[in-house]
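I am starting a notebook on a structure that is new to me. The entries below keep what I looked up, in the order I looked.

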Amino acid sequence: MKHRSPIAEITAESFALQVLHSDLPVLVAVSGEGGAASQALLRLLEEWAPQARGRLRVFRLSADGSSELAERFGVPSAPSLVLFSRGVVCYQFTGEVSRGELDELLARASLLGMAREPEVPSERRPAGGLLRS
């Protein structure tokens, strides 16, 4: 039986809706296929992500299949973590990360989430492709 990750895969097509237009801060784990460091990061995130539920959304992005997105947000290599709030990169980390650093990141994200202004439903941006800067 294949292992099913609790961290959803984000694609170029779903990136704008799931990340840039999210009502919560979003942590994107950029990973390479088969790399030991990327696999270690994803395992750690799978264990850690349930405590972030409701305060932070967590997704994974394959650097191999989405190199344009990785380049767009200045991700130098995999594995990397990128924290978005209101569609803006707020924090970026490349390389190994500890559980303590993830907890600190969650605290930062919680503060970002509390700082959000309530969104009026009629002002919600429409779903669509990737936004261009």
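Entry 1. Leaving aside its neighbours within four places in sequence, which residues is Ser31 in contact with? I noted before looking that the model is a predicted one. With those neighbours left out, I found Ser31 in contact with Ser38, Leu42, Leu61, Ser62, Ala63, Asp64 and Ala78. I then looked up where Ser31 sits, and its place is in strand E2, residues 26-31. I also checked its exposure. Ser31 counts as buried because its relative accessible area is 7%, and the cut-off for buried is under 20%.

Entry 2. I took a second serine, Ser14, which is found in helix H1, residues 12-20. Is Ser14 buried, partly exposed or exposed? Its relative accessibility is 22%, so I wrote it down as partly exposed, a class that runs between 20% and 50%. I followed its side chain and found a polar contact with the side chain of Thr11, at 3.0 Å.

Entry 3. I stepped back to the whole chain. I listed 4 helices and 5 strands. Read from the N terminus, their order is β-α-β-α-β-α-β-β-α. The chain has 133 residues, and 39% of them are buried. I looked up the accessible surface too: it comes to about 7,700 Å², with 53% belonging to carbon and sulfur atoms. For contacts between residues at least 6 apart in sequence, I noted that 74% join residues at least 24 apart.

Entry 4. Next I looked for nonpolar cores. In soluble globular proteins, nonpolar side chains tend to be buried together. Which members of the largest nonpolar core touch the most other members? The core has 19 residues, and the ones I wrote down are Leu27, Leu45, Trp48, Leu56, Val58, Leu81 and Leu102. I traced where the core comes from: E2, helix H2 (36-48), strand E4 (80-85) and helix H4 (99-115) each supply at least two of its residues. H2 gives the most, with 5 residues.

Entry 5. I picked Val58 from that list and looked up its contacts. Leaving aside neighbours within four places in sequence, Val58 is in contact with Ile7, Ala8, Leu27, Trp48 and Ala49. Apart from the largest core, I found another core of 17 residues, and its members include Leu20, Val26, Ala63 and Phe73. I had met Ala63 before, in the contact list of Ser31.

How values were computed:
Residues are numbered from 1 along each chain as its sequence is written. This is a predicted model: local features need pLDDT of at least 70, side-chain atom pairs count only at pLDDT 80 or more; totals for chains, interfaces and linings use all residues. Side-chain values use heavy atoms; hydrogens and water are left out. Buried means under 20% relative accessible area, exposed over 50%, partly exposed in between (1.4 Å probe, protein chains only). Contact means heavy atoms within 4.5 Å. A nonpolar core is a set of buried Ala, Val, Leu, Ile, Met, Phe, Trp, Tyr and Cys residues joined through side-chain atoms within 4.5 Å. Accessible areas come from the Shrake-Rupley method with a 1.4 Å probe; for residues, only the protein chains shown count as cover. A polar contact is a pair of N or O atoms within 3.5 Å; within protein, one must be able to donate a hydrogen and the other to accept it, and residues adjacent in sequence count only if both atoms are side-chain atoms.
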